[in-house]
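This text walks through one protein chain, from its overall make-up to a few chosen elements. Please keep the sequence and the 3D view at hand while reading.

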Amino acid sequence: MTSAIKLLGTLEISENGTPSKLLQSSKGCALLSYLIITNQPQPREHIADLLFESISTTQALRNLRSLVSRIRPFAPFLHVTRSLLSFQPMPDTLVDLHTLRTSLASPELSVKAQGLQLYTGDLLTSFYLPDAPRFNEWLAIAREKLRSEVITAHRELCGYYTERQAWSEGIKIARHWVAIDDLDEEAYRWLMQLLISAGQLQAARTVYKQCQQALADELGVEPERATVRIAQQLEQQLLTQPDFAWTASFPTDLFPPPTGELAAPGLLPPQSHIPYYRNAIFTGRVEALKQLASKLLPTPYTPNLPPIVAITGLGGIGKTQLAVEYAYRYGRFYPGGVYWLNFADPDNIAMSFVAIGDENGLNLFRESEALPLEKRVKQIRQVLQQPIPRLLIFDNCEENELLHHWLPVTGGCRILITSRRHDWLPQFGVQTMPLQPLPRPHSVALLQQLAPRLSSELADAVATEIGDLPLALHLVGSFLHHYQTVDVATYLSQLHSDALLQHPSLQGEAGGASLSPTGHEQSVARTFQVSYQQLDVADNLDSLARRLLAYIAYCRPGTPLPQKFLSRLVAYEQQLTEARDLVLVEAMVANGVKRLQELGLIMREGHQTVLIHHLVGQFVLTYAEGNFPAVQQTIEATLRDWLQEEISNRSELLRLPIDNGHIRHIVERGLSMGTPTAAGLAATWGKYFFEAKMTHEGEAYLEAAITILRSHEGAFADDLATALTNYGGAMMQRTNALNVLPIFEEVVAIREKNHGPKALKTGQAIQNLGVVYTQAGKLESAMRYYQQALSIYHALPSSRLIELKIARVYFNLGALHIQRQDHQAALTTYQQALQIYQRWLDPLNTNISSSLGGIGLAALRMGDFETAVIFLRQEHDLLQTALGPEDLNTASSQVLLGTALERQGHYDEAKILLHKGIVRHETLNPNSASAAYAYSCLAQLYQQLGEPDRAISYVNQAVDIFAAIGFVGWEYDEAVQLMKAVQQ
């Protein structure tokens with residue numbers, strides 16, 4: 001077994017590539033790290049006092065003994081004697097710190113340089129023990145000592161490589177130095193000097209700007225004089241090596257505004273050729289304009305090759321408008337002029353070039369001259385390769401081949417492209433700038449400029465309906481301006497429909513709307529149709545792209561959709577299950593997604609997710625050809641199967657594999673149409689609401705699903721049983737468990753009828769009956785059902801799934817034993833559940849955290865508060881990481897941990913945790929047993945603090961909720977006893 005221990009940067013411990021369970025113990029990690037870093041055996045007393053803040057060394061040693069006992073199964077390299085602890089690595093144990101130390105001690109500088117690459121961050125970055133100040137103090141000193149050694153090694157290597165003029169090796173080391181400390185000016189100076197020596201002047205200038213920015217952002221200071229001196233010398237060198245000539249033919253004393261400042265509109269150079277006037281109501285895009293300027297403005301020290309920037313995005317997003325605005329704001333800073341070339345029709349591009357060469361542009365020839373077209377184009381292209389700064393705008397350039405053919409191979413031209421295409425061949429060096437819909441404040445401002453009668457609230461509502469798409473904003477604003485008598489509220493209700501794109505206002509049917517500032521199509525639907533029609537149904541890739549677009553449109557617009565889900569949909573529709581087939585499907589889907597992105601029909605959100613604009617989705621559902629009932633059924637069935645697979649693999653559904661907004665969107669549409677596959681999806685999805693304790697939100701979906709599934713029970717019996725199970729589980733959180741007993745008995749009947757009395761699903765249904773009886777206080781009946789479920793599971797062939805089902809029974813038995821006040825038995829069964837879960841599940845799985853919490857609860861009930869705090873803190877930390885601080889399960893763990901701390905007398909921390917748990921319950925799940933228990937625990941704390949008024953207030957709330965939902969159990973009994981004690 002290969003073990004790897006990474007102490008440099010964030011702590012990582014793994015076995016054969018799998019994270020070690022030792023990571024679940026912060027103190028265990030601290031112990032191991034201390035032994036590795038000190039690299040010698042350490043006395044027990046010293047380590048105990050270092051790790052534990054106890055009232056005595058005896059207590060600290062007891063805590064250490066307990067810690068060592070817990071972690072030894074996961075730390076075979078830990079050597080333990082009666083008096084000493086030490087780290088004894090096995091032959092296959094890899095420790096990055098040991099490798100680094102060995103390399104730093106080597107006389108071979110190449111070995112030292114290679115070893116330094118391991119230093120990707122400070123020693124145990126961000127590692128901290130809140131209750132071990134002596135350990136934290138020691139770690140801070142050790143961290144700084146190692147950092148100093150590493151910096152010294154970098155300095156030595158930079159000097160060595162400079163002496164030998166080994167510029168590339170020196171640059172690599174200096175860049176690493178800057179990467180590990182971006183505020184160390186010495187590192188920047190070494191890197192700048194090495195780059196200058198290597199002739200990489202622009203790169204050195206970029207490094208200086210990076211240094212300036214880092215110091216300003218983090219420290220609010222300017223670079224030191226020594227750093228500034230290098231930068232000034234660099235600027236002098238750059239000025240003596242211009243990449244273009246500022247000739248007398250184009251004199252200019254104009255200078256661009258400072259970086260980060262937007263230029264005001266101005267006149268274009270007289271020889272410019274641009275077919276559009278400036279749009280006087282152009283709104284927003286300030287940051288995009290400044291970004292274009294930073295990439296395209298000419299300077300005396302620009303790279304040899306002309307920069308190329310592509311404004312990309314779907315039709316109607318405002319790409320051409322942005323290019324026009326940039327031309328009028330920054331065009332005067334291009335001495336050679338601004339030239340607009342229309343690439344929409346490949347056959348007419350040559351004529352666009354000729355148009356910029358006549359007397360209205362470059363004045364190379366008169367329009368009346370009878371020069372052959374080929375000669376004119378050649379003459380223009382030769383001029384464009386001069387070293388004079390010009391701005392060429394390639395509007396609607398969609399193909400790599402066109403860019404390759406018309407791009408100047410050298411010279412001072414800067415190229416601005418507008419395109420739906422996002423992917424360009426890397427050899428062009430195109431910098432893409434994806435354009436998003438307008439930010440809402442700018443959408444509101446544009447609408448109010450076009451239709452001043454709109455209030456901010458109404459403009460906001462209109463912008464919401466049309467998704468802030470600039471073309472749609474222009475059309476709608478023009479429509480409302482022209483038709484002054486149209487009631488805006490009525491108009492909004494018309495927009496809020498599936499026929500949105502068919503409304504006249506989005507078809508350009510309004511006075512003035514047909515006058516586009518850039519001559520573009522004035523219909524949203526027809527704009528999208530231009531892209532959609534390029535998908536040839538006879539082409540296999542385009543045919544797949546059309547199907548993918550239908551799937552994406554059917555999901556929730558504007559929400560990232562995993563590409564993995566699209567692959568699952570295609571595999572489902574083609575009934576593919578073999579691994580090699582699935583790999584091919586993923587490759588096909590990736591190509592289809594790329595095709596859709598090239599056409600501007602979808603957008604990327606990271607490498608593995610896509611999203612679609614609301615109006616594009618409406619276009620697809622309204623105008624595109626496709627069998628949408630089949631699309632709907634495929635999506636619903638695939639998503640249901642995916643959720644069921646997640647439940648099978650993780651034994652929980654708190655972390656959904658797809659954004660919850662998509663599931664809600666798909667379920668609501670399907671349930672409104674009464675489709676049984678949507679009901680089946682809702683049935684499985686109900687487990688999420690049950691486990692997330694969002695009962696009221698989930699019940700409505702489950703009730704609708706049950707109604708639909710009952711009318712299709714023959715074919716969807718299992719889905720009905722799933723819906724009833726999750727619905728009953730949700731109801732149990734707000735009513736007496738006996739009230740839901742008929743629901744779970746019906747589930748058992750359905751499972752027995754469809755699968756037989758000894759089947760796995762039948763065993764699960766019987767086990768759930770045990771849970772109901774436990775909650776109802778009928779403990780003997782519950783025990784019988786648990787034993788019956790275990791007998792079914794044990795009779796089945798052993799597998800991971802069966803093991804996990806058995807673990808769930810053990811966990812439920814733990815809850816039953818807590819009710820019976822047999823806390824030792826509860827402790828044992830919770831431990832049995834934990835052992836199985838840790839064997840099969842991810843360390844962040846909530847079943848592991850629940851089992852840790854169960855052990856902590858049993859210890860708490862037994863009066864072993866120290867053990868309770870240890871396990872409950874582990875549960876809380878795990879949930880914080882897995883689900884986040886706002887989750888209700890995390891809130892419940894805060895309540896239990898706070899209670900254990902209160903019993904230990906740590907009232908301040910207990911109060912913070914209990915109040916946090918209460919606030920979250922009051923927000924999401926106020927009338928539940930878990931909320932009532934939280935109130936009861938807080939009341940107990942205030943009784944201990946001598947504040948009876950606050951205690952009685954909280955305990956009364958607890959008892960009232962327990963009584964309202966008919967809850968029975970030890971929690972209710974304790975609340976009643978506490979209420980009596982406080983009242984006395």
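The expected span of a helix is 1.5 Å times one less than its number of residues. This gives a yardstick for helix α6, which covers residues 133-163 and has 31 residues. Its first and last C-alpha atoms are 46 Å apart, close to the 45 Å expected at 1.5 Å a residue. Just after α6 comes Gln 165, which takes a positive phi of about 55°.

With that helix located, the chain as a whole can be described. The model is predicted. The protein chain contains 41 helices and 15 strands. Its C-alpha atoms fill a box of roughly 105 × 80 × 60 Å along the principal axes. The protein chain has 984 residues, and 54% of them count as buried. Among the contacts in the protein chain with a separation of 6 or more, 67% are made by residues 24 or more positions apart.

Next come the strands, beginning with an open sheet of 3 strands in the order β4-β6-β5, whose pairing is antiparallel. The edges are taken by β4 (42-43) and β5 (78-80); each has a single partner strand, so one side of each is left without a neighbour in the sheet. Strand β6, residues 84-87, pairs with β4 over 2 bridges in the antiparallel sense. In this pairing Gln 42 stands opposite Leu 85 in β6, and Pro 43 stands opposite Leu 84 in β6. On the other pairing, β5 and β6 are joined in the antiparallel sense over 3 bridges. Here Leu 78 stands opposite Phe 87 in β6. The strands β5 and β6 form a hairpin, with 3 residues between them.

Further along the chain is strand β8, residues 308-312. Is this strand β8 buried or exposed? In β8, 5 of the 5 residues are buried, so the strand is largely enclosed by the rest of the structure. The two faces of β8 can be taken in turn. On one side are Ile 308, Ala 310 and Thr 312, and on the other are Val 309 and Ile 311; all of these are buried, and both faces of β8 are covered.

Strand β8 also has parallel partners. It is joined by 5 bridges to strand β11 (residues 413-419), and the two run parallel. Ile 308 has Ile 415 as its bridge partner in β11. Another 5 bridges join β8 to strand β12 (residues 430-434), again with the strands running parallel. For Val 309, the bridge partner in β12 is Gln 431.

From these strands the description moves to a pair of helices. Helix α16 (residues 440-450) packs against helix α18 (residues 470-482) at an angle of about 35°, and their axes are 8 Å apart. The crossing in which α16 passes α18 is right-handed. On the α16 side, the residues that meet α18 are Ser 443, Leu 446, Leu 447 and Leu 450. On the α18 side, they are Leu 473, His 474, Val 476, Gly 477, Ser 478 and His 481. The residues of this contact divide into 5 nonpolar, 5 polar and no charged.

Another open sheet has 3 strands in the order β13-β15-β14, with antiparallel pairing. In this sheet β13 (561-562) and β14 (603-604) stand at the edges, and each has a single partner strand, so one side of each is left without a neighbour in the sheet. The pairing of β14 with strand β15 (residues 609-611) is antiparallel and runs over 2 bridges. Within this pairing Met 603 stands opposite Leu 611 in β15.

The last stop is a single residue, Ser 648, which lies in helix α25 (residues 628-650). Why does Ser 648 count as partly exposed? Buried means under 20% relative accessible area and exposed means over 50%, with partly exposed in between. Ser 648 has 30% relative accessibility, and therefore counts as partly exposed. Which residues is Ser 648 in contact with, leaving aside its neighbours within four places in sequence? They are Arg 800, Leu 801 and Leu 804. Ser 648 and Arg 800 are 152 residues apart along the chain, and their C-alpha atoms are separated by 9.5 Å.

Definitions and conventions
Residues numbered from 1 in each chain as written. Predicted model: local features only at pLDDT ≥ 70, side-chain atom pairs only at ≥ 80, totals over all residues. Heavy atoms only, no water. Helix = DSSP H or I, 4+ residues; strand = E, 2+ residues; numbered from the N terminus. Axes fitted to C-alpha atoms, helices over the stretch in contact; angles between N-to-C directions. Left-handed = near helix turned anticlockwise from the far one by under 90°. Contact = heavy atoms within 4.5 Å. Nonpolar A, V, L, I, M, F, W, Y, C, P; charged D, E, K, R; others polar. Pairing = 2+ DSSP bridges. Buried < 20%, exposed > 50% of the residue type's maximum accessible area, 1.4 Å probe, protein only.
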